[in-house]
Each structure stands twice: as structure tokens, then as C-alpha cells.
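Please look at the model below with its bound ligands in view. The paragraphs that follow go from the ligand sites to the pairs of charged side chains.

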Amino acid sequence: MMIIMRPGAPREQIDAVIAVIEKNHLSSHPIFGMEQTIIGAVGDGHYVAKEIFEALPGVIEVQRISKPYKLASRQFHEQDSVFQLDGFNVGGNEVPIIAGPCSVESREQILEIAQAVKEAGANALRGGVFKPRTSPYSFQGLGEEGLEYMAEAREQTGLPIVVEVMAVSQIKMMEKYVDVFQLGARNMQNFNLLRALGETRTPVLFKRGMSATIEEMLMASEYILSGGNNHVILCERGIRTFETATRNTTDINAIPVLKKLTHLPVILDPSHSTGDSEFVSAVARAGVAAGADGIIVEVHHDPAHAISDGKQSLTPESFAKMVKQVKAVAEAVDRKLVESPLHVGEG
Ligand code: PEP
Ligand code: MN
């Protein structure tokens, strides 16, 4: 609900509205303008009648926001959110590229891939250490040992690290290592985990559930935002459809639709959305052309022997080619890749 105060309404009237919001177990988010104050009431406002606010002194209008995701919505926050990560911005004009293996498999593997993706133009390193595998008998990840290798890779390359968190109990330990938590597709509606991520101040790369609508995605992101963690990066990673030619179906539409509905950065994962390295570069280009604020892609130095997701992993060479092509597309739509120190001075 948005409560619009009369221009020049005194502070006591604003405070009285905030008191009623809080009495109704909603949280208040006032925006103090030069002349006018608007107060957002966030929570399960569905059960609170707007008439109780309309009756208060100084209130001129109360609007129910038809969109139930208020903090994620552009209606509440018109400008694009831009967050600073280590060495680059996400959500601004630049298009960062996050790359790395599906899973951290060994110290040598992650250090080698980290170096290779850095040289090819990646801005952040991805790598899973807790893996949400379909079978409980598949490799489940190296856990904290893998995080130590990721941290070493960050030290060697300067790339910030993005790692999936699967459980509330992992957050505290992981926070010491990661620059960005990845929330996986399978956990998009794990509301306890979402709430716990809302309590942290570590950015969250939030993946769309494979059967989630855009509205469900934004509602779920609201759990994190309403806890006070504003640093949410949305990620389209393909949805399940009747089509079986690819692992998932890239919902390219989701990119401009999300950009319209929310101020949060929106990135694309062409690896999980296609499931095939042959199509990754084409779909990455399509994503950037459609307005994606970044790309997250799986890269492995030896895809044929990768423990997970080898089929969709690019080699460092094909990744370098993808980066060049994505760069050209970014420039065609008045964006650019992150100017990493590596590129400074290059012809
Ligand atoms: C991953 O990034 O390796 C992964 C498991 O992604 P998703 O949650 O999108 O399937
Ligand atoms: Mn993967």
C-alpha cells in the first residue's frame, strides 16, 4: 500500500501514519520528497483495510499497489538499482560477465579455470561447492574446502566469487568467503532461506525457479528485500516447457518484462537455459541484445571430464570468443562490457 501525504504534512502526521502501519504488523518505508511524503506499507497488507489510513489526518490518498511485490517494483523505485561489486557495477551501463565451472572439483581445477576466465575477460568467478543434484548419489560438492579454493582463486585473480548457498545453516560459514550468494532455481521458493538471505548484507544472485512465473519470482525476491538486503540480482536461467530439444527454454521475454517491472538488475544464464555449449554463445548474445545487465556462464578447462554440467560448459577458448561477440552486441545496444584493468591500454 502507498499512503500519499498532503503536501507540507507535518512530521507528527507522518509519524502517526507510520505508527498505524506498524501496529498492523506492516513495515513502513517513507520517501521524503521536497514537498510531499509518500509512505510505503509493506507486508501482508492484503488483510489491512486501506480505509484505516484514509481516515488519518494529512493523508490525501491511499493506493493499493496492484503489484504485490512492492520493494522489487519500479512503481516504488523508478531508477535502476546499481550495486557495486568488487571492481565493477551491476545494473548500470556496463554488462559484467560471471564465469567459472558448475562445481569446484579440486584446487588445481578452480585455479586454472579462474586464471583462464580472467584472461578472457570475466569480471567475477562462479563455482558451486554445495550442489543441488537430482540424484543423492551424484557429487554433492566439496563444501568448505571448495570455498577455500575459491578464496585462493580470488586472491590470485582479483575476481569476486559467486557461490550457491543451499541451506540456512550454511550462510554464516559461507559469508566469510563469498562476495555474492547464489540462490539456486530449486530454492527459489525456499522461504526460510530467502528470509535468512534477507538478514545478510551480502548480494544475492537470485535464480528464477524452473517452473516459476515472473510474478512468483518477484514475490520471492521480495522476501530478501523486505529483510533489508537490497542487493538482489535477478537471473533468468530457463524454464521448463514442452520443448525437449534443449535442457530448458530460455525465456528471453523475461528480460525486457523484468526490466519493465523491477528496478533490480537482470542477468541471463545461457548455460542452464540451453544445457548445451553449442547454443550458449548465441543465447548470451540474444540476452544482451534484449537488455540483460550481465551474463553468468559455465566454463571448464576440460568439459568432457567435468563432474557436473560438462555438456553445457564452454572451453576457455570458446568463452573468449563469446566475450568478443557479446561485447559487439553490447555496443550495438549502447552498453559496454566492464572495463577491467586487463583491458586498459589494449588497442
Ligand atoms: C548452477 O548454477 O550450477 C545451478 C545449479 O543453477 P540452477 O540453480 O539455475 O539450476
Ligand atoms: Mn551447473
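For the classes used here, Ala, Val, Leu, Ile, Met, Phe, Trp, Tyr, Cys and Pro count as nonpolar, Asp, Glu, Lys and Arg as charged, and the others, Gly among them, as polar. In this predicted model, the shell around ligand 1 then divides into 3 nonpolar, 3 polar and 7 charged residues. Of these 13 residues, the ones that come nearest to the ligand are Arg126, Gln182, Ala185, Arg186 and Arg237.

Particular atoms of the protein can be paired with oxygen atoms of ligand 1. A backbone N or O atom of Ala185 lies 2.8 Å from one such oxygen, while a polar side-chain atom of Lys207 is placed 2.9 Å from an oxygen atom of the ligand, and a polar side-chain atom of Glu298 is found 3.2 Å from an oxygen atom of the ligand. On its own, ligand 1 has 290 Å² of accessible area, and the protein covers 97% of it.

Glu298 leads on to the metal site, since the protein donors of the manganese ion (ligand 2) are Cys102 through SG, His272 through NE2, Glu298 through OE and Asp309 through OD, at 2.0 to 2.4 Å from the ion. Along the chain, these donors follow the spacing C-x169-H-x25-E-x10-D. Cys102 belongs to the loop between β8 (97-100) and α3 (107-120), whereas Glu298 belongs to strand β15 (residues 295-298), so this pair ties together parts that are 196 residues apart in sequence. With buried taken as under 20% relative accessible area, Cys102 is buried at 4%, and Glu298 is buried at 0%.

Beyond the ligands, side chains of opposite charge can pair when their charged atoms come close. The structure holds 16 salt bridges, and three of them may be followed in turn here. One joins Arg107 to Glu152, whose closest N and O atoms are 2.6 Å apart; because Arg107 lies in helix α3 and Glu152 in helix α4 (residues 144-157), the pair ties together parts that are 45 residues apart in sequence. Arg107 is partly exposed, its relative accessible area being 33%, and Glu152 also counts as partly exposed, at 22% relative accessibility. This pair does not stand by itself, for Arg107, Glu108 and Glu152 are linked in a network of salt bridges.

Another salt bridge is the one in which the side chains of Arg208 and Glu236 meet, at 2.7 Å from N to O. Arg208 sits in the loop between β12 (204-207) and α7 (214-226) and Glu236 in strand β13 (residues 232-236), and the pair thereby links distant parts of the chain, 28 residues apart. Both Arg208 and Glu236 are buried.

What remains is the salt bridge between the side chains of Arg335 and Asp293, with a distance of 2.7 Å from N to O. Arg335 lies in the loop between α11 (316-332) and β16 (336-337), and Asp293 in the loop between α10 (277-289) and β15, so that the pair ties together parts 42 residues apart in sequence. Arg335 counts as buried, at 14% relative accessibility, and Asp293 is buried with a relative accessible area of 1%.

Methods: Residues are numbered from 1 along each chain as its sequence is written. Chains are lettered from A and ligands numbered from 1 in the order in which they are written. This is a predicted model: local features need pLDDT of at least 70, side-chain atom pairs count only at pLDDT 80 or more; totals for chains, interfaces and linings use all residues. Side-chain values use heavy atoms; hydrogens and water are left out. A residue is near a molecule or strand if one of its heavy atoms lies within 4 Å of it. A polar contact is a pair of N or O atoms within 3.5 Å; within protein, one must be able to donate a hydrogen and the other to accept it, and residues adjacent in sequence count only if both atoms are side-chain atoms. Accessible areas come from the Shrake-Rupley method with a 1.4 Å probe; for residues, only the protein chains shown count as cover. Donors are N, O and S atoms within 2.8 Å of the metal (3.2 Å for Na, K and Ca); water is not among the atoms, so sites may look incomplete. Helices (H or I, at least four residues) and strands (E, at least two) are DSSP runs, numbered from the N terminus. Buried means under 20% relative accessible area, exposed over 50%, partly exposed in between (1.4 Å probe, protein chains only). A salt bridge is a side-chain nitrogen of Lys or Arg within 4 Å of a carboxyl oxygen of Asp or Glu.
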